[in-house]
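User: I would like to go through this model by question and answer. Please keep each reply short and end it on the value or name I ask for.

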Amino acid sequence: MAGNYTIQIDRFIKKVKGKNIPEAIQGAALHLLGGVVDDTPVDTGLLRANWRITVGAPDLSEDSPADPSKNYTKSNLPGKNKIASALKLFITNNVEYAEAVENGSSKIAPALMLEKNVSRFNQFIKDFKGR
């Protein structure tokens with residue numbers, strides 16, 4: 001899925017202040033991706049099941065079984081154990097129609113499953129007070 005959305009994770013790290021930064025990064029990234037999974041429209045569940053989060057390079061695979069419930073996808077995200085030490089993460093979905101759905105082709109749900117969650121997350125980082 002083409003698209004480049006930037007998250008200001010460095011701002012978040014500065015606000016965490018002395019807490020477990022790797023744990024905070026992992027929790028924040030999984031929260032972001034969980035929102036994307038939740039907002040992904042479901043017909044067969046294939047699109048929802050193929051979200052990936054990786055460090056270093058995007059995951060270009062498309063091999064997960066359909067997941068209409070979203071529970072399997074959220075608990076078995078490929079790459080989730082490596083994100084705590086990363087400052088650059090890639091969220092990908094390589095189902096051939098992912099970009100079309102992101103841009104509004106779905107009759108099931110509104111567009112922007114990824115873009116709106118990145119915007120929400122950036123607002124969360126901006127408002128975060130270092131709890």
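User: Which side chain does Arg-52 join through a polar contact of 3.5 Å?

Analyst: This is a predicted model. Arg-52 lies in strand β1. Its polar contact of 3.5 Å is with the side chain of Asn-50.

User: Is Arg-52 buried or exposed, and at what relative accessible area?

Analyst: Residues under 20% relative accessible area count as buried. Arg-52 falls under that cut-off and is therefore buried, with a relative accessible area of 2%.

User: Which residue forms a salt bridge with Arg-52?

Analyst: Side chains of opposite charge can pair when their charged atoms come close. Here the closest N and O atoms are 3.3 Å apart. The partner is itself buried, with a relative accessible area of 18%. The residue is Asp-59.

User: Which residues are linked with Asp-39 in a network of salt bridges?

Analyst: Asp-39 lies in helix α2, and one partner in helix α6 is 77 residues apart from it, with an N to O distance of 3.8 Å. Another partner in helix α6 is 81 residues apart from Asp-39, the closest N and O atoms being 3.4 Å apart. The partners have relative accessible areas of 27% and 47%, so each is partly exposed. In that order, they are Lys-116 and Arg-120.

User: Which element gives the most residues to the largest nonpolar core?

Analyst: The core has 21 residues, and Phe-12, Leu-47 and Trp-51 touch the most other members. Elements that each supply at least two residues include α1, β1, α5 and α6. The element that gives the most supplies seven residues, and its buried residues include Leu-32, Leu-33, Val-36 and Val-37. That element is α2.

User: Leaving aside neighbours within four places in sequence, which residues are in contact with Phe-12?

Analyst: Three of the contacts, Ala-24, Ile-25 and Ala-28, are among the buried residues of α2. The others are Phe-124, Ile-125 and Phe-128.

User: What distance does α2 reach from its first C-alpha to its last?

Analyst: Helix α2 has 19 residues. At 1.5 Å a residue, the expected span is 27 Å, and the helix comes close to this. Its reach is 27 Å.

User: In which helix is confidence lowest?

Analyst: The protein averages a pLDDT of 76, and 69% of the residues score at least 70. Confidence is highest in α5, at 90. Where pLDDT is low, the predicted coordinates should not be read in detail. The lowest mean, 66, belongs to residues 71-75, helix α4.

Technical notes: Residues numbered from 1 in each chain as written. Predicted model: local features only at pLDDT ≥ 70, side-chain atom pairs only at ≥ 80, totals over all residues. Heavy atoms only, no water. Core = buried A, V, L, I, M, F, W, Y, C linked by side-chain atoms within 4.5 Å. Buried < 20%, exposed > 50% of the residue type's maximum accessible area, 1.4 Å probe, protein only. Helix = DSSP H or I, 4+ residues; strand = E, 2+ residues; numbered from the N terminus. Contact = heavy atoms within 4.5 Å. Expected span 1.5 Å × (residues − 1). pLDDT = per-residue confidence, 0-100. Polar contact = N/O pair within 3.5 Å; in protein donor to acceptor, adjacent residues only side chain to side chain. Salt bridge = Lys/Arg side-chain N within 4 Å of Asp/Glu carboxyl O.
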